[in-house]
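Visitor: Could you take one part of this model and look at it closely, beginning with a residue in the interior and working outwards to the elements around it?

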Amino acid sequence: MTPRGLLHLLTAYGAVLALCSLLLFWCVRVDRSRVPRGPVLISIWQHGERKARVAATDESSAVRALLAEAAEPGATRVVEQIVDSAPVLPLGRLIFAASIAPARDGVSATYQGRTAYLTPDDLLKLEAYEAVLDYGQLGISLGANADKVLGPLAAELGTNADELFRHATFRRFCVERSSHYPKELGAADVSLDVVRGSVLNAARYLLHNQKRDGSFRYEVNAMTGDDEPGYNFPRHAGATYFLARTANQLHDSKLFRAAQSAAVYLKDSQTLRCGAHSCVGEGDTVDVGASALALLAYVELINGGAAEYHDAALDLAGFLRAQQRSDGDFQHIYSVAEQHPVDVQLEYYTGEAAFALSRVQRISGDARDLEASRHALSFLVQRPVLFLGGHYFWGPEHWTCQVLDDLWQRAPDRAALRFCLNWQANNRVLQYGALADRPGIEGGLSRGPFLSPRLTPLASRMEAAVATLSVARQAGVEPAELATLGAEIKSGLAFLLRYQYTPGPAYLMPDPRAVSGGFPGSLVDQHVRIDYPQHAGGALLRYWELEHAAKEQ
Amino acid sequence: MAEASDSRVRIAFGVLNGIAGVVLLVGVFVVAQPRFWVLDVPAALIGVAQLASSVSLLARLRWALRALAIAAWVSFVLGLIIVFLIVLTMAFLRGIHGDYGVAALAVSGLVVALLVPYVVVLPALELLWLQRQRSELRP
């Protein structure tokens, strides 16, 4: 190949590539900010099911549509106007699935002269967004589950999914809707009253979903009203801790009784012998996490006046200390069957154990608890000096900075404070600012471009962020850094508040009261697991405590 | 003088093709999991062709220049196709996700920037050098 030939080839290649890219971009894009121009979709939802839908071509007929149905008891009339639409390229199911932006796009299918619509509400209800696409051996999570989308469209158009996919034409569309979820709430709206109300709602979610034996409905699917299988004792203990803390801080006796009931379940039904001490869990092996979080809950209950947890708390503290290694880390598993520690490490447990030991020391007065916690904190914040990546790669461990805060008056650790400030700086890189075409995600943490931000990873980071802010204020950190951290926290908390079920998209739910006050997993995951309100409520409560105390002073 | 220069170029291309072939094969078949034929087949073709040309150039085998030409063309054509597909994917995702897809643009752009030196620039230089060799051999 001659230089001239190469130049010509690359020029032609570049021109064709640019042209194809532009054509593709203009073909698939929708303009979400334009004046709505499509048909108006009027839907009647009743008891979580769509009972009727009309697609009106003009606004005057839309105003009159389905008014009688809307007057029925329990019915909600939702109006969605299509703002813009674009074709879905007929290039197979992978492209079909990838063409639907999660939580934002609906899909229409036109088949034999008739058109059926699935709005974002429908797709949320179907739990069709962000399904894992199995493509060969690859599992890719993006867009929507093609089967869940095609089935209802095919049923509405009187055919089957395969026939519809082969012969229909599909369009993605965005809508402007009358629904008030997520709430229009920004960082400026994060007031102490709003935060306090939200914390109480989150705690009351747990209260209302507690069973007679003290356990909770573990994970409720808001879209079906059903329970998901499974139970997890660290999460049960974490929920108990949050209930007790909220009860103590906000002086709510009902919540305190619920926390006691949940703690009795742990103490009487889920406590085993692990060597010389007791531990929490079930089966042949237990983990340190359940015992650490149970200890946190017991300490809160003792602080609230339930002195009967004193001995149990000290016994759990002994178990945690016995699990600690010489480097400050913990052996995270204990074999109940063989009665010995198992030296493996799992995420979060070291931070949980360190936090629990710090908290219990205020009650036990035992210097060994303080030393164990201080040593663990020192271990947690060690970063290899010469490993460049150590400055840029951070995990989701969120207990460390709460340990820092709790220990600060007794064992201040400036290295840990720097660690926590740096971690929050990294979190700010992942935090969404204002996006013109997507205001609802401001303050959320990015999980990449194809996935919606989740609430709980943000909430747990906010727990740590508020703890860091508390210490940073005491340590005299630069005002500019305090202001940046404060702004990050308010933006993050606003994101959480925006999506709390107060009441949320109640018309999509068969039993909205069951999930009232809860926080969903994400914008598209409408499940409430017990740790979601625990972490979101925990972050909000920490913020309320910090700012309330500052206001009082 | 010219012979010494050619020898140095052969060694340079041999070493570069060897490194590129090993990096590609290790990256795709050892690091990347799970197996995905859309990536595996072109990567295997490019990697094997580059390793073969590398060995032949460094060992001064008779068919070294032919192997280099095949490796360069395979890398160049498949490289252009891969870059084409990645850029089209970027345009598609930007169209679907709007501003929200900026992170994907950045990552895909980085991937393109990392690929281009190995799958476009290096084979293009090799093809230009082969052309010069052929024109010098002509009477």
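Guide: Leaving aside its neighbours within four places in sequence, Leu496(A) is in contact with Leu455(A), Leu458(A), Ala459(A), Phe519(A), Ala536(A), Ala539(A) and Leu540(A); the model in which these contacts are found is a predicted one. Leu496(A) belongs to the largest nonpolar core, which has 160 residues, and it is listed there with Leu243(A), Ala259(A), Leu295(A), Ala297(A), Tyr298(A) and Leu493(A) as the residues that touch the most other members. The largest share of this core, twelve residues, is supplied by helix H11 of chain A, which runs over residues 288-303. A second core, separate from this one and made up of 19 residues, has among its members Ile46(B), Ala72(B), Tyr118(B) and Leu122(B). As a general background to such groupings, nonpolar side chains in soluble globular proteins tend to be buried together.

Turning from the cores to the sheet, one finds in chain A an open arrangement of six strands in the order S2-S1-S3-S8-S4-S5, paired in antiparallel fashion. Strand S2 (49-56) and strand S5 (114-118) of chain A stand at the edges with a single partner strand each, so one side of each is left without a neighbour in the sheet. Between neighbouring strands of this sheet the turn is 35 degrees on average, when direction is ignored. Helix H6 of chain A (residues 146-156) packs on the sheet, where it touches strand S4 (105-111) and S5 of chain A, and its direction makes about 140 degrees with that of S5(A).

Within the sheet, strand S8 of chain A (residues 169-177) is joined to strand S3 of chain A (residues 75-87) by seven bridges, the two running antiparallel. In this pairing Asp84(A) stands opposite Cys174(A) of S8(A), while Ile82(A) stands opposite Val175(A). S8(A) is also joined to S4(A), again antiparallel, by six bridges, and there Gly106(A) stands opposite Phe173(A).

Two helices remain to be described. Helix H1 of chain A (residues 3-28) has 26 residues and reaches 37 Å from its first C-alpha to its last, close to the 38 Å expected at 1.5 Å a residue; H1(A) is hardly covered, since the count of buried residues among its 26 residues is one. In chain B, the 34 residues of helix H3 (residues 64-97) should span 50 Å at 1.5 Å a residue, and the end C-alpha atoms of this helix are 48 Å apart, which agrees. H3(B) is followed by Gly98(B), whose phi is positive, near 60 degrees.

Technical notes
Residues numbered from 1 in each chain as written. Chains lettered and ligands numbered in written order. Predicted model: local features only at pLDDT ≥ 70, side-chain atom pairs only at ≥ 80, totals over all residues. Helix = DSSP H or I, 4+ residues; strand = E, 2+ residues; numbered from the N terminus. Expected span 1.5 Å × (residues − 1). Pairing = 2+ DSSP bridges. Axes fitted to C-alpha atoms, helices over the stretch in contact; angles between N-to-C directions. Contact = placed C-beta atoms within 7 Å. Buried ≥ 20, exposed ≤ 12 C-beta atoms within 10 Å, placed from the backbone. Core = buried A, V, L, I, M, F, W, Y, C linked by C-beta atoms within 7 Å.
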